[in-house]
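Welcome, and thanks for taking a look at this one with me. Here are a few notes to read alongside the structure.

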Amino acid sequence: MYTVAEKLTDGQTPEMKSKINFVRERLIELYKKNLVKINHSVLEIICASSLISHGYTVDIEKQLSNILVCDVFATKGDGTFIMEIETGFTPPDHALDTIDYYVARISSKIARYSKHCSKFALATPVVGILPIPKLFLKPPSDRKMGEVQKIKNLVDRFYKNPPIEIDDILNARLHSIYLINIDKGFAKQLDPYTYLDLTEKLQDASELDL
């Protein structure tokens, strides 16, 4: 963590260094309590640094409810920003339904987290592809109940405690995608439409029905 923080603070103002080092110390504290893993912490501090450079005040591993803790929580003015980082990991129990599980997890996160903030984003290392259902790019008024129910049925297969609500899917919002370059220590923001344009051909080739 000291190595990546040093890279992120190189050439920065004292204020920037102080804010990034606050995130570093918070992650180290959580690591000592066995609450975070080092590889995920590296992704979190890179994303936090990106938001700090754009004027946000950042916290990490923030409790949102009795069941939800977000990776990155940021504020600027009256606005709140939540970012969830996805690495593509799936547990051994889902070795034979990895894609469905991952789509369900992405959908669940968009639906559950976005209602707790003004803006919600997903982040992933550049080596991965997020299978984002196109439903979440539509305005809520354009979402058909059949496609909303389809997402709910998929999420309910894997996440039943608590079950996701129809209204959470209907009103969920995804504002941006961040691609994380771990080696160079930066995160690049894309709008979801651009991201899906970039990944759609790969998803089609994989016959993902999203």
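**Notes on the core and a helix pair**

1. A good place to start in this predicted model is Val-58. Leaving aside residues up to four places away in sequence, Val-58 touches Phe-22, Val-23, Ala-48, Leu-51, Ile-52, Val-72, Phe-73 and Ala-74.

2. Now for a second core. Apart from the one Val-58 belongs to lies another core, of 31 residues; Leu-68, Tyr-102, Tyr-113 and Leu-130 are among them.

3. Back to Val-58 and its surroundings. The largest nonpolar core has 32 residues, and those touching the most other members are Ile-45, Leu-51, Val-58 and Met-83. At least two residues of this core come from each of the helices H1 (2–9), H2 (14–32) and H3 (38–53), and likewise from each of the strands S1 (57–63), S2 (69–76), S3 (79–85), S4 (119–125) and S5 (176–181). Which element gives the most to this core? That is H3, with eight residues.

4. H3 also has a helix partner worth a look. H1 and H3 pack with their axes 10 Å apart, at an angle of about 15°. Angles under 35 degrees count as roughly parallel, so H1 is roughly parallel to H3. The crossing in which H1 passes H3 is right-handed.

5. To find this contact on screen, pick Val-4, Ala-5 and Leu-8 on the H1 side, and Val-42, Ile-45, Ile-46 and Ser-49 on the H3 side. By type, the residues of the contact are six nonpolar, one polar and no charged. Ile-45 appears here as well as among the core residues that touch the most other members.

Notes
Residues numbered from 1 in each chain as written. Predicted model: local features only at pLDDT ≥ 70, side-chain atom pairs only at ≥ 80, totals over all residues. Heavy atoms only, no water. Core = buried A, V, L, I, M, F, W, Y, C linked by side-chain atoms within 4.5 Å. Buried < 20%, exposed > 50% of the residue type's maximum accessible area, 1.4 Å probe, protein only. Helix = DSSP H or I, 4+ residues; strand = E, 2+ residues; numbered from the N terminus. Contact = heavy atoms within 4.5 Å. Axes fitted to C-alpha atoms, helices over the stretch in contact; angles between N-to-C directions. Parallel < 35°, antiparallel > 145°, perpendicular 65-115°, else oblique. Left-handed = near helix turned anticlockwise from the far one by under 90°. Nonpolar A, V, L, I, M, F, W, Y, C, P; charged D, E, K, R; others polar.
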